[in-house]
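Trainee: Got a minute? I'd like to go through this model with you.
Mentor: Sure, put it up and ask away.

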Amino acid sequence: MDRIRISFRLNGVEREAFVSPEERLLDMLRDDMGMKSVKEGCGTGDCGTCTVLVNGKPVLSCIMPAFQARGKEITTLEGLNEDSAMKVIQDKFREYHAAQCGFCTPAMEIVGYKLIKESDGVPSKEEVKEGISGVLCRCTGYYDIVDALRSAAEVIKK
Ligand code: FES
Ligand code: FES
């Protein structure tokens with residue numbers, strides 16, 4: 001089947017790709033663009049580990065067709081690694097042992113980043129739980145992730 005040429009911005013850089021109509025954004029990002037922080041857990045829109053930001057909003061890349069990225073701004077964790085707020089979040093994940101196997105961690109950090117950026121002040125435990133509820137973690141029991149994100153917010157929102 002014919003491939004579709006699309007252009008978009010990925011982590012602040014203009015990019016171009018040729019994608020088939022059925023290709024998922026997840027595969028384009030991982031296989032064509034080398035964005036290995038984007039993880040495939042379920043592949044069916046249930047676990048959230050494939051979450052990236054599309055025009056600043058969290059999106060499940062396993063259920064978004066790649067061609068829909070045309071003209072959009074896509075952000076993965078690779079594009080946030082030098083961001084000062086993300087550095088705080090990652091430091092706090094280490095301090096609080098909020099990553100065990102690490103499979104959910106990129107998505108957790110991205111949704112946490114988005115939550116903290118958009119909240120007035122430090123989000124409550126309930127707000128953090130709600131904010132990360134779309135990403136499943138099989139290892140941590142979530143408590144350390146919630147504490148890490150609230151502690152990060154205390155630094156970021158100072
Ligand atoms: S891999 Fe996309 S939601 Fe699970
Ligand atoms: S740290 Fe293993 S799935 Fe979250």
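Trainee: Is the crossing of helix 3 and helix 5 left-handed or right-handed?
Mentor: Right-handed. In that sense the near helix is turned clockwise from the far one by less than a right angle; anticlockwise would be left-handed. Before we go on: this is a predicted model, where local features need pLDDT of at least 70, side-chain atom pairs count only at pLDDT 80 or more, and totals for chains, interfaces and linings use all residues. Residues are numbered from 1 along each chain as written, chains are lettered from A and ligands numbered from 1 in written order, and side-chain values use heavy atoms, without hydrogens and water.

Trainee: Which residues make the contact of helix 3 with helix 5?
Mentor: Helix 3 supplies Met108, Gly112 and Ile116. Helix 5 supplies Ile145, Leu149, Ala152, Ala153 and Ile156. Contact means heavy atoms within 4.5 Å.

Trainee: And by class?
Mentor: Seven nonpolar, one polar and no charged residues. Nonpolar covers Ala, Val, Leu, Ile, Met, Phe, Trp, Tyr, Cys and Pro; charged covers Asp, Glu, Lys and Arg; the others, Gly among them, are polar.

Trainee: At what angle do helix 3 and helix 5 pack?
Mentor: About 40°, with the axes 10 Å apart. Helix 3 spans residues 105-118 and helix 5 residues 143-156. That angle makes helix 3 oblique to helix 5. Under 35 degrees is roughly parallel, over 145 roughly antiparallel, 65 to 115 roughly perpendicular, and the rest oblique.

Trainee: Switching to strands. Which residues of strand 3 are buried?
Mentor: Thr51 and Leu53 on one side, Val52 and Val54 on the other. Both faces are covered. Buried means under 20% relative accessible area, exposed over 50%, partly exposed in between, with a 1.4 Å probe and protein chains only.

Trainee: How many bridges pair strand 3 with strand 4?
Mentor: Four, in the antiparallel sense. Pairing takes at least two DSSP bridges. Val52 has Val59 as its bridge partner in strand 4. Strand 3 is also joined to strand 5 (residues 73-75) by two bridges, again antiparallel. There, Leu53 stands opposite Thr75.

Trainee: What sits in the turn of the strand 3 and strand 4 hairpin?
Mentor: Two residues lie between the strands, and Asn55 in the turn has a positive phi of about 50°. Why does Asn55 count as partly exposed? Because its relative accessibility is 46%.

Trainee: Where is Asn11?
Mentor: In the loop between strand 1 (4-10) and strand 2 (13-19). Its phi is near 50°, positive in a residue other than glycine. At 22% relative accessibility, Asn11 counts as partly exposed.

Note on methods. Axes fitted to C-alpha atoms, helices over the stretch in contact; angles between N-to-C directions.
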